[in-house]
Amino acid sequence: MRKVKIRIKDLSKNFGEKRVLKNLNLNIYESESLAIIGESGSGKSVLTKCIDGLEDYDSGNISYENIKNIKKLSTSKKNDYMGKFGILFQNAALFDSLSIEENLKFCKKDNFKKILKDVGLPASILKEYPNDLSIGVQKRIGIARAILKNPEILILDEPTTGLDPIISKQINFLIKKLVKEKKITTVTVTHDMQSVYEFSDYTAFIENGSISWYGKSKEIKKKGNKSILNFIKGVY
Ligand SMILES: Nc1ncnc2c1ncn2[C@@H]1O[C@H](COP(=O)(O)OP(=O)(O)O)[C@@H](O)[C@H]1O
Ligand SMILES: [Mg+2]
């Protein structure tokens, strides 16, 4: 039985005159991996930020288990709420002036050897600085940081964008392993169809501010609407 973890109901979000999300509805189910795909600028990142509490929404509702509306949480409860999420931002977003060890310590004081092993990196990397590392390694560190505190929800915003095909494949393989082994509820924003097919159980296609198609990732080609089929043709 699928269990809804996060329910997004009639969500709208504007920036000034610009309506980015319009009465968007979407459920996120426990222990499932969901891909959110759509054109650049369609509101994918904004949607994830509404979900994890980094952005406020204008109307509609996001509920999380028995929290009826996350917008109504007090500041301290909101902080607890945000602590449930592990997030890989679009550009990995490591602190340049901090070593890898310091970047990880920022999230949790811990022995990082195990987590580095999980993402396929040697412990010697702890003494390095982000600028000296390839973007692929930075993304791995970003993923390590996101899973460090055993989040209830993992949000990966474009985990393979800007990576060459070989590194993308490695990152997809790594995420697949994490998602399948740890069974973390995962939301991945991507336009890499490899990420969709490899490790996302379900896919939501965002168009004109709402979800125009939702279904099993492996059924996109068979059951997709015109928009999603055009989109996947375009990215190939
Ligand atoms: N903080 C902001 N202020 C103003 N406009 C924003 C802000 N964040 C996002 N937008 C706009 O909202 C739209 C959706 O952005 P985004 O969610 O980042 O798109 P994407 O689907 O590429 O992730 C874009 O037009 C973007 O310019
Ligand atoms: Mg984005």
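In this predicted model, I153 stands opposite T185 in strand β7. That pair belongs to a wider alignment, since β6 and β7 pair in the parallel sense over five bridges. The two strands also take part in a supersecondary element: together with helix α6, which spans residues 165–182, β6 and β7 form a right-handed β-α-β unit.

Strand β6, residues 153–157, has a further partner in strand β5. Residues 85–88 make up β5, which runs parallel to β6 and is joined to β6 by four bridges. One register point is given by G86, whose bridge partner in β6 is L154.

The surroundings of β6 may be considered next. The strand is mostly covered, with five of its five residues buried. Its side chains are divided between two directions: I153, I155 and D157 point one way, whereas L154 and L156 point the other way. Burial applies to both sets, and D157 is among the buried residues.

Attention now turns to β7, which comprises residues 185–189 and contains T188. Is T188 buried or exposed? T188 counts as buried because its relative accessibility is 0%, and the cut-off for burial is under 20%. The contacts of T188, leaving aside residues up to four places away in sequence, are with L34, A35, I36, L156, P159 and F199. Among these contacts, L156 lies in β6 and is itself buried. T188 of β7 therefore combines a relative accessibility of 0% with a contact to a residue of the paired strand β6.

Key. Residues numbered from 1 in each chain as written. Chains lettered and ligands numbered in written order. Predicted model: local features only at pLDDT ≥ 70, side-chain atom pairs only at ≥ 80, totals over all residues. Heavy atoms only, no water. Buried < 20%, exposed > 50% of the residue type's maximum accessible area, 1.4 Å probe, protein only. Contact = heavy atoms within 4.5 Å. Pairing = 2+ DSSP bridges. Right-handed = clockwise from strand over helix to strand, strands pointing away.
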